[in-house]
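Student: Got the two-chain model open. Can we go through it piece by piece?
Tutor: Yes, go ahead.

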Amino acid sequence: MEDHEILTKFQDPASRNLAFNQLVRKYQSKVYWHVRKMVVDHDDADDLTQDVFIKVWKYLENFRQDAALFTWIYRIATNECLNFLSSKRRKFLLPLTDVGAELAAKIEADPAIAGDEIELKLQQAILRLPDKQRLVFNLRYYDEMPYEQMAEVTGTSVGALKASYHHAVKKVEDYVTRNTAD
Amino acid sequence: MKPAFKLDAHPRRPRPLLSEPPADYFDKLPTRIMARLPQAEAREAAAAWGWLSFLSPALRTGLASVAVLGGFAASFYMSGTAPLVPATAATASLDAVPSTELVGYLLTSGARVENSDLAVLTAANPNIAKGFIHASEAELTDALDAQPSDDSTYL
């Protein structure tokens, strides 16, 4: 079902639930993996993905369609992730690096990555980036999202995003170079 | 010398190597989300207040302040007029009891009656003590003057 069709059906109370169910089925995987890359842990990603769609349901009626539907959903998901990480830091009084280290430890314990040293170091390097820079890195490197769309998701200018991604790549390359065996 | 790692030279994956979610996770997720959606009634109630979202934050704050102050003003206005009626009714019912019965009750019930009570009573109603206090006004005034200052403040 196309986005405009979902939105039209959502406006009709009789077909609202059906339309929303279609919307969830269409975007659940993308939202889940966008969140999972940020929080690493499956249970956290599961909670946040549900919260994202609850918010989508709550505000979809007021969605003005000045951006693509998925860009708007991505923006909600992004804010949920950043709020989650920042509240976690406040709750446990953790400095920035400790949350990065905690996420890196979760990556290290993940059986999917076992034995791939370069990939492990790459993930550790990414998780050491500040949250917002990591978000920019994920959107560009993994999702290959155009900068213009990234600007809509993050509310940041294209120039600032390019600079942030460039610095993120440098940091990641330096970390992996320093921390891998010859 | 160790070769520098270059991200462009590294095979690009669509996402990091993380373990997959449970096999039927995406089949069940829509049902779990739909079960958590707010009920229709709550949605209608929220819609009734939805117009507030179109106001600016400053206007919303101002509106809330007016509502709170209005609430105080209304409760103050409504609480100021009512309570005189029961007090009058109580006084009226006491007035219906003969004075001799009241005095008899006070003298026999063990209630402690101070001089100051008698003085206050007599000052308010000079005839009430005629049956048992045979004193002139001058004598009463002397008795009151002799009371400690705390008691005389009742007058």
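Student: How many helices and strands does chain B have?
Tutor: Chain B has 8 helices and 0 strands. This is a predicted model, and from the N terminus on the elements of chain B run α-α-α-α-α-α-α-α.

Student: What share of chain B counts as buried?
Tutor: Of its 155 residues, 13% count as buried.

Student: On to the interface. How many residues does each chain put into the contact?
Tutor: Chain B gives 31 residues and chain A gives 49 residues.

Student: And what area is buried between them?
Tutor: About 3,900 Å² is buried between chain B and chain A, and carbon and sulfur atoms give 60% of that.

Student: How many salt bridges between the chains?
Tutor: There are 4 salt bridges between chain B and chain A. One of the contributors to the chain B side deserves a mention here: helix H1 (residues 25–36) of chain B gives the most to the side that touches chain A, with 9 residues.

Student: How does that side of chain B divide into nonpolar, polar and charged?
Tutor: The side of chain B that touches chain A has 19 nonpolar, 2 polar and 10 charged residues.

Student: How many residue pairs are in polar contact across the interface?
Tutor: The count is 11 residue pairs between chain B and chain A, with both residues at pLDDT 80 or more.

Student: I clicked on A:Asn21. Where is that, and what does A:Asn21 touch?
Tutor: A:Asn21 is in helix H2 (residues 16–39) of chain A. Leaving aside residues up to four places away in sequence, A:Asn21 touches B:Pro30 and B:Met34.

Student: Buried or exposed?
Tutor: A:Asn21 is buried, because its relative accessible area is 18% and the cut-off for buried is under 20%.

Student: Back to salt bridges. Which residue of chain A does B:Lys6 pair with?
Tutor: B:Lys6 forms a salt bridge with A:Glu173, and the closest N and O atoms are 3.6 Å apart.

Student: Where do the two ends sit?
Tutor: The pair of A:Glu173 and B:Lys6 crosses between chains, from helix H9 of chain A to the segment before H1 of chain B.

Student: Which of the two is buried, and which partly exposed?
Tutor: A:Glu173 counts as buried at 7% relative accessibility, whereas B:Lys6 is partly exposed at 43%.

Student: What else does A:Glu173 pair with?
Tutor: A:Glu173 also meets A:Lys170 in a salt bridge, at 3.9 Å from N to O. Those two are 3 residues apart in helix H9 of chain A, so about one helical turn separates them. A:Lys170 is partly exposed, with a relative accessible area of 38%.

Student: Which residues are linked in the network, then?
Tutor: A:Lys170, A:Glu173 and B:Lys6 are linked in a network of salt bridges.

Student: How many residues are in helix H9 of chain A, and what does it span?
Tutor: Helix H9 (residues 158–179) of chain A has 22 residues. From first C-alpha to last, H9 of chain A reaches 32 Å, close to the 32 Å expected at 1.5 Å a residue.

Student: Which of its residues are buried?
Tutor: In H9(A), the buried residues include A:Leu161, A:Tyr165, A:Val169, A:Val172, A:Glu173, A:Tyr175 and A:Val176.

Student: What covers them?
Tutor: The cover over the buried residues of H9(A) includes helix H6 (117–127), helix H7 (131–142) and helix H8 (147–154) of chain A.

Student: Give me one contact between H6 and H9.
Tutor: Take A:Gln124, which is placed in helix H6 of chain A. A:Gln124 touches A:Tyr175, and also A:Ala104 and A:Glu108, not counting residues up to four places away in sequence. A:Gln124 is buried, with a relative accessible area of 6%.

Student: Last thing: how many salt bridges over all chains?
Tutor: A search of the whole structure finds 12 salt bridges. One of them joins A:Lys37 and A:Asp143, with the closest N and O atoms 2.6 Å apart.

Student: Which parts does that pair tie together?
Tutor: A:Lys37 lies in helix H2 of chain A and A:Asp143 in the loop between H7 and H8 of chain A, so the pair ties together parts 106 residues apart in sequence. A:Lys37 is buried at 7% relative accessible area, while A:Asp143 counts as partly exposed at 26%.

Technical notes
Residues are numbered from 1 along each chain as its sequence is written. Chains are lettered from A and ligands numbered from 1 in the order in which they are written. This is a predicted model: local features need pLDDT of at least 70, side-chain atom pairs count only at pLDDT 80 or more; totals for chains, interfaces and linings use all residues. Side-chain values use heavy atoms; hydrogens and water are left out. Contact means heavy atoms within 4.5 Å. Buried area is the accessible area (1.4 Å probe) that two parts lose on being put together, summed over both. A salt bridge is a side-chain nitrogen of Lys or Arg within 4 Å of a carboxyl oxygen of Asp or Glu. A polar contact is a pair of N or O atoms within 3.5 Å; within protein, one must be able to donate a hydrogen and the other to accept it, and residues adjacent in sequence count only if both atoms are side-chain atoms. Helices (H or I, at least four residues) and strands (E, at least two) are DSSP runs, numbered from the N terminus. Ala, Val, Leu, Ile, Met, Phe, Trp, Tyr, Cys and Pro count as nonpolar, Asp, Glu, Lys and Arg as charged, and the others, Gly among them, as polar. The expected span of a helix is 1.5 Å times one less than its number of residues. Buried means under 20% relative accessible area, exposed over 50%, partly exposed in between (1.4 Å probe, protein chains only).
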